[in-house]
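Got the viewer open? Set the cartoon view, keep the selection box handy, and we'll walk through the model one stop at a time.

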Amino acid sequence: MNITEITRKEIMRYVMESRFHWSGELEEPEFLKRIYPLEQLPSRDSRFDSAESDIWQHRINNYDWEDDWIFEDDRFQLADGEDELFLKFLIESVHPVVRPNMQEARELVEGYNSHLQYDGYELYVESRISGRAIYGYKEIIPTNAIYDGETSEKADYDDVWGEGIFRVFISHTARWKADAEKLKKALQRYGIASFVAHTDVDPTLQWLQEIEKALRSMDLIVPLMTSDFRESKWTDQEVGAAIGRDVPVFPVKVECDPHGFMEKIQTIVVGDRDLDFVANNIVKGLLINDAVSHNGKSAVDAVLIAMDNAYSFDQGNLLATLLPHISALSSQQEESLVLAHNENSQISGAYGFRDHILGELKRLTGNIYVKEAGDLVRS
């Protein structure tokens with residue numbers, strides 16, 4: 001069992017202290033039947049012959065059990081059962097049938113992942129139905145740490161990344177390191193950190209170990225598909241490491257098409273476009289796919305931080321072009337966007353925000369905003 005008792009309790013506490021009930025818009029027995037055979041589980045009340053009956057009696061009819069009863073009831077094994085069962089419970093709590101509000105689901109997933117990351121799990125968007133996310137789970141390298149069997153000490157990965165809450169490994173051959181560095185700088189404008197092996201590794205360090213640390217902690221890999229890509233003894237292995245960890249792969253066709261497992265992945269084609277175009281399309285892809293990073297933070301969060309730190313109207317307008325590619329905002333993300341607009345004149349003064357921000361906020365949050373003295377105010 002990888003999910004520790006501490007993590008389970010923290011997630012249970014998070015759920016109970018949040019404004020969302022774990023069963024969403026369903027009655028608790030209806031929700032639990034999606035996971036457990038309630039009619040086969042025993043009753044805790046001698047008047048009834050199944051768990052389904054006593055839950056209806058004590059939670060719907062009489063409402064005399066505490067709201068956190070599910071976490072203390074050993075029939076449901078949330079405190080000490082198998083990881084798969086615990087994760088199934090979390091996934092069902094954000095299923096569109098249970099919780100149709102996309103903002104609520106996204107906020108809960110962020111909360112779950114902020115705890116699960118330490119035990120090596122992450123919820124991610126596995127598929128979609130009617131535009132709404134269906135979540136699954138995957139194993140990840142525990143955030144900021146792996147454990148050495150002898151020392152039990154944590155190995156920190158933060159030192160191989162620059163600033164940015166989303167981490168992109170740029171896989172390239174030596175001949176293309178200058179372009180990889182340009183792409184890295186272009187991604188920085190969106191609040192995204194990148195690793196470029198030929199420039200990011202200190203020559204005095206064990207460079208293979210540094211690359212391994214980046215591969216273990218990346219959230220996305222971007223292979224630059226050049227004519228010499230397959231000749232390198234490293235690049236295919238880097239992509240293989242990503243696929244093995246179930247990390248998203250965004251191939252960029254510079255000179256040739258992707259090969260092997262990458263053939264089925266949609267490719268960004270450079271053509272006569274520059275690397276700013278590539279960076280913009282990478283970020284749009286992340287937003288559309290709703291990919292989740294190491295801290296329970298997504299590319300949306302990276303973009304919101306970039307908005308807060310925007311230093312020019314040009315950057316503000318560039319960031320405004322991403323708003324249509326975001327499907328929803330959590331309440332915390334909504335607050336961040338409004339704050340960035342109201343406190344950074346490079347955002348509020350950019351025409352992309354002036355012309356569209358009110359409509360985008362209504363689409364993303366369902367809330368109506370007006371402008372008062374140039375500031376966004378919720379109506």
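Start by selecting residues 166–171, which make up strand β3: six of its six residues are buried, so call this strand mostly covered (buried means under 20% relative accessible area, exposed over 50%, partly exposed in between, with a 1.4 Å probe and protein chains only). Strands here are DSSP runs of E with at least two residues, helices are runs of H or I with at least four, and both are numbered from the N terminus. Show the side chains and look at both faces of β3: F166, V168 and I170 are buried on one side, and R167, F169 and S171 are buried on the other.

Before going further, a word on what you're looking at. This is a predicted model, where local features need pLDDT of at least 70 and side-chain atom pairs count only at pLDDT 80 or more, while totals for chains, interfaces and linings use all residues. Residues are numbered from 1 along each chain as its sequence is written, and side-chain values use heavy atoms, with hydrogens and water left out.

**The neighbours of β3**

Add residues 192–196 to your selection. That's β4, which pairs with β3 in the parallel sense over five bridges (two strands pair if DSSP finds at least two bridges between them). How does the chain get from β3 to β4? The chain goes through helix α7, residues 177–188, and this β-α-β crossover is right-handed; that is, with the strands pointing away from the viewer, the path from the first strand over the helix to the second runs clockwise.

Now pick residues 220–225 for β5, which runs parallel to β3 and is joined to it by four bridges. I170 is a handy landmark: V196 in β4 stands opposite I170, and V222 in β5 also stands opposite I170.

Zoom out to see the whole open sheet: five strands in the order β4-β3-β5-β6-β7, with parallel pairing. Which strands sit at the edges? They are β4 and β7 (268–269), each pairing on one side only. Strands of a sheet pair through backbone hydrogen bonds, either parallel or antiparallel.

**Along helix α7**

Go back to α7 and try the distance tool on its end C-alpha atoms, which are 17 Å apart. That agrees with the 16 Å its 12 residues should span at 1.5 Å a residue (the expected span is 1.5 Å times one less than the number of residues). Which residues of α7 are buried? Colour A180, E181, L183, K184, A186 and L187. An α-helix has 3.6 residues a turn, so residues three or four places apart point the same way.

K177 is also in α7, and at 39% relative accessibility K177 counts as partly exposed. Draw a line from K177 to L224: their C-alpha atoms are 10.0 Å apart in space, with their positions 47 residues apart in sequence.

**A pocket and a cavity**

Next, turn on a surface. Rolling a probe the size of a water molecule over the atoms shows where empty space is left. On a 1 Å grid over the protein atoms alone, a cavity is a set of points where a 1.4 Å probe fits but cannot get out, and a pocket is an open set with protein on both sides within 12 Å along at least five of seven lines; lining residues have an atom within 4 Å of a point. Grid points are joined across faces, edges and corners, and a volume is the space filled by probe spheres set on the points.

Select E163, Q188, G191, I192 and N309: of the 17 residues lining the second largest pocket, these are the closest to its centre. The pocket holds about 300 Å³ of space. Helix α12 (299–309) gives the largest share of its lining, four residues.

There are two cavities of 30 Å³ or more, and the largest has about 110 Å³ of space. To find that one, pick M102, A105, R132, A133 and Y135, which lie nearest its centre among 15 lining residues. The elements giving two or more residues to this lining are α6 (102–116) and β2 (132–139).

**Last stops**

Jump to A373, in the loop between β8 (369–372) and β9 (375–378). Its phi is near 55°, a positive value in a residue other than glycine. Is A373 buried or exposed? At 85% relative accessibility, A373 counts as exposed. Finish at A51 in helix α3, which counts as buried at 0% relative accessibility.
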